[in-house]
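I opened the notebook with a short list of things to look up. These are my entries, in the order I made them.

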Protein chains: 2
Amino acid sequence: MKNKQKQVQLRDVQDVIEIIGGRWRGAILASLCDRQKRFNELKRDLGDITPRTLTKELKYLEVNKLIIRNAEEGASNAVTYRLTEHGESLEPLIGAIVTWGQKHRKMILS
Amino acid sequence: MKNKQKQVQLRDVQDVIEIIGGRWRGAILASLCDRQKRFNELKRDLGDITPRTLTKELKYLEVNKLIIRNAEEGASNAVTYRLTEHGESLEPLIGAIVTWGQKHRKMILS
DNA sequence: AAAGTCAGTATCTTTTAGGATACTTTTAGA
DNA sequence: TCTAAAAGTATCCTAAAAGATACTGACTTT
C-alpha cells in the first residue's frame, strides 16, 4: 500500500476519533443506540455528566448530523434525541468498541 | 438487557475511547498496525506532531501495555516501537474506524 | 395552588491536551 | 574529522474540555 494511502488512513482515524471522542460523545451515542431518549434520561444514564456538558455535546452531535433533536410541538419540555441514519451507521463500530472493552479493559486499567 | 449491564457498556466505551482517544493515540496505533517503527519514522508519518507530544503518547501507550519500546543493546539511538499482543488485538477495531471514516467523514466534516 | 420535573442557561474555575521552540547526547555516515 | 541524524528533554504557553454551582421558565402531577 502506498504511503499517501496510509496518511489518509491516519487522518480517517483522527477524524473519527474526534467525532466520537472526548469523555462523553461515544457514551452518548452508545446510549442512543439502544433507543431514543430524552435529556434527563441521558443525564441519568451517563451518571455524573453536568447539564452544561450534556447540552454542549448534544449540540455538537446534532450539528454533525449524528443525532436529531426533536422538540414536540406545543410541549416545550418534551424533547427527544435519537440517532440519524448516519448515527446508526456507527452502531457496529460502537459494538466493536464495547466488545473490545469488555475483553481488554481490565488488563490495561490496572 | 438490564440497566446495570448498559451502564457497564457505557463505561467500556468511555474507557476504550480514553485509551485510543485524543488527537494522536489512535493514529499512532494505526501506524504501528502496519509494522514496527522508529521514533522519527512515526514522527514523519504523523505529520505535525511535536517530539514532546510523541514521547508522551508513546510512553502512555507503553505503560498501558499496547506497545513495546525496544532500544537495541548498545545503540542508544536505535529504538523501535511495536504493538504488543494486546495492541494487535485492536487492529480490527482500528480497521473498522478507518472504514467508517472513509465512508462518512466527508459528509460530517463539511 | 404548591411542588416537582423537564430541559436547559449562566458564570466561574480547574484541568488537561497539546503546540512552540530550543537544546542535548549518542551514533552513523561522508 | 566534521556533519548530520536519531531519540529524545526542558521550558514555557495557550486553548479547549469539562466540573461546580446556581438559576430559570414551561409544563405536570397531586
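**Entry 1: the model**

I noted at the outset that this is a predicted model. Everything below is read from that prediction.

**Entry 2: the contact between the chains**

I began with the two protein chains. How many residues does each chain bring to the contact? I found 44 from chain B and 44 from chain A. The size of an interface is often given as the accessible area lost when the parts come together. Here I noted about 4100 Å² buried between chain B and chain A. Carbon and sulfur atoms give 65% of that area. I then looked for the main contributors on chain B. W100(B), R105(B) and I108(B) supply 16% of the area that chain B buries against chain A, more than any other three residues.

**Entry 3: a covered helix in chain A**

Next I looked up α2(A), which spans residues 25–34. Eight of its 10 residues are buried, so I logged the helix as mostly covered. The buried ones run through R25(A), G26(A), A27(A), I28(A), L29(A), A30(A), S31(A) and L32(A). I picked S31(A) from this helix for a closer look. Its relative accessibility is 2%, so S31(A) counts as buried. Which residues does S31(A) touch, leaving aside its neighbours within four places in sequence? I listed K37(A), L42(A) and D45(A), together with L10(B) from the other chain.

**Entry 4: the sheet in chain B**

I traced the strands of chain B. Three of them form an open sheet in the order β1-β3-β2, with antiparallel pairing. β1(B), residues 37–38, and β2(B) stand at the edges. Each has a single partner strand, so one side of each is left without a neighbour in the sheet.

I then went through the pairings one by one. β1(B) and β3(B) run antiparallel and are joined by two bridges. In this pairing K37(B) has Y81(B) as its bridge partner. β2(B) pairs with β3(B), residues 79–83, over five bridges, also in the antiparallel sense. There I67(B) stands opposite L83(B).

Why did I mark β3(B) as largely enclosed by the rest of the structure? Four of its five residues are buried, so the label follows.

**Entry 5: an unusual backbone angle**

I checked K65 in both chains. K65(A) has a positive phi of about 65°, although it is not a glycine. K65(A) sits in the loop between α4 (51–63) and β2 (67–71) of chain A. With a relative accessible area of 42%, K65(A) is partly exposed.

In chain B, K65(B) also has a positive phi of about 65° and is not a glycine. K65(B) lies in the loop between α4 (51–63) and β2 (67–71) of chain B. I noted a relative accessible area of 41% for K65(B), which is again partly exposed.

**Entry 6: DNA strand C**

I turned to the DNA. Of the 23 residues around DNA strand C, N40(A), R69(A), Y81(A), R23(B) and G74(B) come nearest. Sugar and phosphate make up 66% of the strand C atoms that come within 4 Å of the protein.

I logged three polar contacts. The side chain of R69(A) places an N or O atom 2.7 Å from a phosphate oxygen of strand C. A backbone N or O atom of F39(A) is 3.5 Å from a phosphate oxygen. A polar side-chain atom of N77(B) is 3.5 Å from a sugar or linking oxygen.

Which element gives the largest share of the surface near strand C? I found α4(A), with four residues. By class I recorded six nonpolar, nine polar and eight charged residues.

**Entry 7: DNA strand D**

I repeated the lookup for DNA strand D. It is surrounded by 23 residues, and the closest are R23(A), R38(B), N40(B), R69(B) and Y81(B). Sugar and phosphate account for 67% of the strand D atoms within 4 Å of the protein.

A side-chain N or O atom of R69(B) is 2.7 Å from a phosphate oxygen of strand D. K59(B) has a polar side-chain atom 3.4 Å from a phosphate oxygen. A polar backbone atom of N77(B) is 3.0 Å from a sugar or linking oxygen.

The largest share of this surface, four residues, comes from α4(B). I recorded its classes as six nonpolar, nine polar and eight charged.

How values were computed
Residues numbered from 1 in each chain as written. Chains lettered and ligands numbered in written order. Predicted model: local features only at pLDDT ≥ 70, side-chain atom pairs only at ≥ 80, totals over all residues. Heavy atoms only, no water. Buried < 20%, exposed > 50% of the residue type's maximum accessible area, 1.4 Å probe, protein only. Near = heavy atom within 4 Å. Polar contact = N/O pair within 3.5 Å; in protein donor to acceptor, adjacent residues only side chain to side chain. Nonpolar A, V, L, I, M, F, W, Y, C, P; charged D, E, K, R; others polar. Pairing = 2+ DSSP bridges. Contact = heavy atoms within 4.5 Å. Buried area = accessible area lost by both parts, 1.4 Å probe.
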